[in-house]
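User: Please take a close look at one strand of this model and its pairing partners. After that, place it beside the nonpolar cores.

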Amino acid sequence: MSMRKHLVSLAAVIVAGLFFVSCHKDDDIIPVGLFSINAEGGQVSFAPGNLIFDTCYHFAAHQYDFGSYLGWGTGADPTDTSRNNADYPTFDDWGNYVAGGWRTLSYDEWKYVICSRPDASDKCGTATVCDVHGMILLPDNWKGSNFKPGFNGWTENVYDDVAWKMMESDGAVFLPAQGYREDGKIGYVDTAGFYWTSTPYYDDFAYYIDFIDELTNDQEYFRAIGIAVRLVKDEEY
């Protein structure tokens, strides 16, 4: 999928200085379900919101809230908005700077969650949560109802705050379609979701996963774009 040309202005916040800490606390975390990431039995839990950096790293207050637009692998330098792809030569995981053992999924792990785990096609689909478009992932042991799987636009699975809290309490994960940042502007807001993986592609590119009202297949792009990050934590199995 090519990046759309229709962009809106971005109001950028510049944070001075290079030293920062995580303001996340483990006791802030709302437990969610477990998700298989490989055929060997590895499972993760997802963070309760997209990653934000302002004066420190923390998670969005709700799963349907937008996070920061981060260049690829900018764990130690989250305010880097350089347009030069050469300024992003290696992946420095944001999870290294968030207390609690968090990390970024690889491309293969993301694809396994979405496409390859048992009953994957029944545990993934587009949705609208509290008027925000996005993608829902259901945990491996999903026992709930009120969900129609598949990428069928934004009208099949619509949840207000009360209904979403019930889904969330059963372990559902929501990835908002917060668009992307390119050349200092934000585009595709509430129309498509882009999420970084930890996997480089070649030269100036890296892998991401993305969706519109369907799951798309062209999943590598310039490292200098700013897109969303949803961290995970490895769990015992």
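Analyst:
**Strand 8 and its neighbours**

Alanine 127 has glycine 134, in strand 8, as its bridge partner. The model is predicted, and the description below starts from that pair.

Alanine 127 belongs to strand 7, which covers residues 124-129 and runs antiparallel to strand 8, with 6 bridges joining the two. Strands 7 and 8 make a hairpin with 2 residues between them. One residue of the turn, cysteine 130, has a positive phi of about 50°.

Strand 8 also pairs with strand 10 (residues 173-176), again antiparallel, through 4 bridges. Here glycine 134 stands opposite proline 176. Glycine 134 is thus placed against alanine 127 of strand 7 and against proline 176 of strand 10. As for exposure, strand 8 (residues 132-137) is mostly covered, with 6 of its 6 residues buried.

Next, the nonpolar cores. The largest contains 23 residues, and Leu51, Trp94, Trp196 and Leu231 have the most contacts inside it. Two or more residues each come from strand 4 (51-53), strand 5 (57-59), strand 13 (193-200) and strand 14 (205-211). Apart from this core lies another, of 20 residues, including Val113, Ile209, Phe211 and Ala228.

Leucine 231 can be followed further. Leaving aside residues up to four places away in sequence, leucine 231 touches Ser45, Phe46, Ala47, Leu51, Phe59, Asp93, Trp94, Gly95, Val98, Trp102, Arg103 and Thr104. Leu51 and Trp94, both on that contact list, are also among the residues with the most contacts inside the largest core. As general background, nonpolar side chains in soluble globular proteins tend to be buried together.

Notes. Residues are numbered from 1 along each chain as its sequence is written. This is a predicted model: local features need pLDDT of at least 70, side-chain atom pairs count only at pLDDT 80 or more; totals for chains, interfaces and linings use all residues. Side-chain values use heavy atoms; hydrogens and water are left out. A nonpolar core is a set of buried Ala, Val, Leu, Ile, Met, Phe, Trp, Tyr and Cys residues joined through side-chain atoms within 4.5 Å. Buried means under 20% relative accessible area, exposed over 50%, partly exposed in between (1.4 Å probe, protein chains only). Contact means heavy atoms within 4.5 Å. Two strands pair if DSSP finds at least two bridges between them.
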